[in-house]
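Me: Please take a close look at one part of this model, and then at one residue elsewhere in the chain. Give the cut-offs as you go.

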Amino acid sequence: MKCRKCSQKAVLNMRQHKLALCREHYLEWFPQQAQRFIEKYRMFGPQDRVLVAVSGGKDSLALWDVLSRLGYQAEGLYIGLGIDGGLQYSSTSHRMAAHFADSRGLPLHTVDVQGLEGATIPVAASLTHRGRSKPCSVCGLSKRHIMNKAALDGGFDVLATGHNLDDEAAVLFGNTLNWSVGYLARQGPVLEAGDGLVRKVKPFCRLYERETAAYTLLRGIEYIYDECPYATGATSIYHKELLNQMEAERPGAKLSFYLSFLRAKEAGFFAAAQDREAILLHACSSCGQPTSAPGQCAYCRTWSQVRERVDLALTPSQ
Ligand code: SF4
Ligand code: ZN
């Protein structure tokens, strides 16, 4: 297979785009695509300060690399979840993120959940009913809260995450199967800022996981290969596998599924749900971040429960 642009040997054949490219042209093409989506969805401009949520994985590091190459003011945020055990997942992912930042002289902000709230994510999950079997629920709400706060406190204009098309199509698939209209209303390349909420963007939302993986490899970016140990058996992985089967039969199926959804949304399919969501939101009585729960937000409620239980465990019995 030859490169479409120069006839050298192609390193990647993208059947869905009917496009094969050599190393040099692929490394040109990939950031151009990201730039195209940043402009198309009006994500941010050169004057904006962008906080990139980095997990140490391939997508987030590729995103930080691309935004820096494109000349954006992009700083990184790493959240230490305290998920270690045999795989040393958190320590390794932190090392990867720090190594990337140091090698390029880019600023990396780090928030350690245990340092902030007094317990790691697995400990917090074991102490609350939210996550006895898996910590993903506590983890997800904590990451969302911390990312939003870090972006607002740091005066950033926008928070960027490395979600790729495979991630977005899998989430969309799950939300559609359940007709989770509220979640569907919120999904998209851009989530606008609101009271207490920073603007969130996903510049890779139209790039396949295979494409971000190839970019990371060809750029020589070191990243953590292992998934979080708690990701095993996640429904989203099952949905990704189903979508991969469809994609193998019909190249472009994932992209068409996602783009058709965006068009439906644009046409107002979820407008009523969007309005309802906005009405339900009010400021949390403790932290001020928006929530639809009465009183405190789920983050504040969960962590105050965790602190109480940690204190109880530390109090010597009479
Ligand atoms: Fe957190 Fe791991 Fe679950 Fe992802 S898979 S939400 S990182 S605990
Ligand atoms: Zn709160």
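The second largest pocket, and Asp65

Reply: The second largest pocket is lined by Asn13, Arg15, Gln16, Asp166, Tyr208, Glu209, Arg210, Asn244, Glu247, Ala248, Pro251 and Lys254. The model is predicted, with pLDDT of at least 70 needed for local features and 80 or more for side-chain atom pairs, while totals for chains, interfaces and linings use all residues. Residues are numbered from 1 along each chain, chains are lettered from A and ligands numbered from 1 in the order written, and side-chain values use heavy atoms, without hydrogens or water.

A pocket here is an open set of points on a 1 Å grid where a 1.4 Å probe fits, with protein on both sides within 12 Å along at least five of seven lines; lining residues have an atom within 4 Å of a point. This one holds about 180 Å³ of space. Its lining consists of six charged, three polar and three nonpolar residues. Two helices (DSSP runs of H or I, at least four residues), α9 (209-218) and α10 (235-249), each give at least two lining residues. The largest share, three residues, is from α10.

Asp65 belongs to helix α2 (residues 58-69). At 2% relative accessibility, Asp65 is classed as buried (under 20%, 1.4 Å probe, protein chains only). Its side chain makes polar contacts (N or O pairs within 3.5 Å, one able to donate a hydrogen and the other to accept it) with the side chain of Tyr215 at 2.5 Å and with that of Arg104 at 3.4 Å. Beyond four places in sequence, Asp65 is in contact (heavy atoms within 4.5 Å) with Phe100, Arg104, Tyr215, Arg219 and Ile221.

Conventions: Buried means under 20% relative accessible area, exposed over 50%, partly exposed in between (1.4 Å probe, protein chains only). Grid points are joined across faces, edges and corners, and a volume is the space filled by probe spheres set on the points. Ala, Val, Leu, Ile, Met, Phe, Trp, Tyr, Cys and Pro count as nonpolar, Asp, Glu, Lys and Arg as charged, and the others, Gly among them, as polar.
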